[in-house]
Amino acid sequence: MPEHDSLQVDGEVEVPTRLTFEILCGVDQSFQIPDISQLVPSRKGTAIRLNGVLSLVKPTERATYLGLHSSSDDFHASIPLQAVRDSAIIIYRQDDAPLSRDGGGPFRFYIPNHAECHTSEIDECANVKFIDRIELTAEKGHDNRPDDDASHAALHAK
Ligand SMILES: Nc1nc2c(c(=O)[nH]1)N[C@H]1C(S)=C(S)[C@@H](COP(=O)(O)O)O[C@H]1N2
Ligand SMILES: [Mo]
């Protein structure tokens, strides 16, 4: 069971790693986005580039899909790695504290140039909140994003 305040990164990687707020704060500045409102005007916080995390865990050549798991509310997405490798970020900090649950924290996956909900594999629904595990896989993995308007509306009504 992943711990709630940490982010396990495993699967098709050479170095499975359990990330914490402190570890992410210490990742090289070149991978940090101190103020994400410069990238996404409506969002606040500090993020790390997915690339920064991948540099720590070293994906294998077989890694093709990125699995984003939120066990706390059982929400999961599996998206093609190559399409988001250079653009996706993980928001993990607001001021000097971990990102709040209200903000999707402690770890929130985010694709700045996402498509509208259920128009593409790389859609807004893939911006998974409360992620506690990132799993790299060779094939598409578990994905329970809403795939039509009705299931989407039902999710948002929760
Ligand atoms: N853990 C989790 N992440 C989630 C969801 C969810 O229900 N649970 N909903 C998704 C959907 S369908 C959308 S459209 C976006 C909405 O993000 P927002 O609440 O920041 O606008 O979050 C996505 N991330
Ligand atoms: Mo969505």
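Reader: Let's start with Ser 6. Is this residue counted as buried or exposed?

Author: A residue counts as buried when its relative accessible area is under 20%. This model is predicted, and in it Ser 6 has a relative accessibility of 2%, so it counts as buried. Along the chain, Ser 6 belongs to the segment before E1.

Reader: Which side chain does the side chain of Ser 6 make a polar contact with?

Author: For a polar contact, look for a pair of N or O atoms within 3.5 Å. The partner here is the side chain of Arg 18, at 3.1 Å.

Reader: Good, now the strands. How does E1 run relative to E10, parallel or antiparallel?

Author: To call two strands paired, we want at least two bridges between them. Strand E1 (residues 7-11) and strand E10 (residues 133-137) are joined by 4 bridges and run parallel. If you'd like a spot to find on the screen, take Asp 10, whose bridge partner in E10 is Glu 135.

Reader: And which way do E5 and E10 pair?

Author: E5 and E10 pair in the antiparallel sense, over 5 bridges. Here you can look for Leu 68, which has Ile 134 in E10 as its bridge partner.

Reader: How many bridges join E5 to E6?

Author: There are 6 bridges between strand E5 (residues 65-70) and E6, and the two run antiparallel. His 69 sits opposite His 76 in E6. The hairpin of E5 and E6 has 4 residues between the strands, and Asp 74 there adopts a positive phi near 55°.

Reader: Why is E6 described as largely enclosed?

Author: In general, side chains in a regular strand alternate between the two faces of the sheet. For strand E6 (residues 75-80), 6 of the 6 residues are buried, so the strand is largely enclosed by the rest of the structure.

Reader: Now the ligand. Which residues are closest to ligand 1?

Author: A residue is taken as near a molecule if one of its heavy atoms lies within 4 Å of it. Ligand 1 is surrounded by 15 residues, and the closest are Arg 43, Asp 73, Arg 108, Asn 127 and Lys 129. Helix H4 (residues 149-156) gives the most to this shell, with 3 residues.

Reader: What polar atoms should I look at around ligand 1?

Author: Try Lys 129: a polar atom of its side chain is 2.8 Å from an oxygen atom of ligand 1. In the side chain of Arg 43, an N or O atom is 3.1 Å from an oxygen atom of the ligand. Asn 127 uses a backbone N or O atom, 2.9 Å from a nitrogen atom of ligand 1. Taken alone, ligand 1 exposes 530 Å², and the protein buries 84% of that. The space that ligand 1 takes is the largest pocket.

Key: Residues are numbered from 1 along each chain as its sequence is written. Chains are lettered from A and ligands numbered from 1 in the order in which they are written. This is a predicted model: local features need pLDDT of at least 70, side-chain atom pairs count only at pLDDT 80 or more; totals for chains, interfaces and linings use all residues. Side-chain values use heavy atoms; hydrogens and water are left out. Buried means under 20% relative accessible area, exposed over 50%, partly exposed in between (1.4 Å probe, protein chains only). A polar contact is a pair of N or O atoms within 3.5 Å; within protein, one must be able to donate a hydrogen and the other to accept it, and residues adjacent in sequence count only if both atoms are side-chain atoms. Accessible areas come from the Shrake-Rupley method with a 1.4 Å probe; for residues, only the protein chains shown count as cover. On a 1 Å grid over the protein atoms alone, a cavity is a set of points where a 1.4 Å probe fits but cannot get out, and a pocket is an open set with protein on both sides within 12 Å along at least five of seven lines; lining residues have an atom within 4 Å of a point. A molecule sits in a cavity or pocket if more than half of its atoms lie within 2 Å of its grid points.
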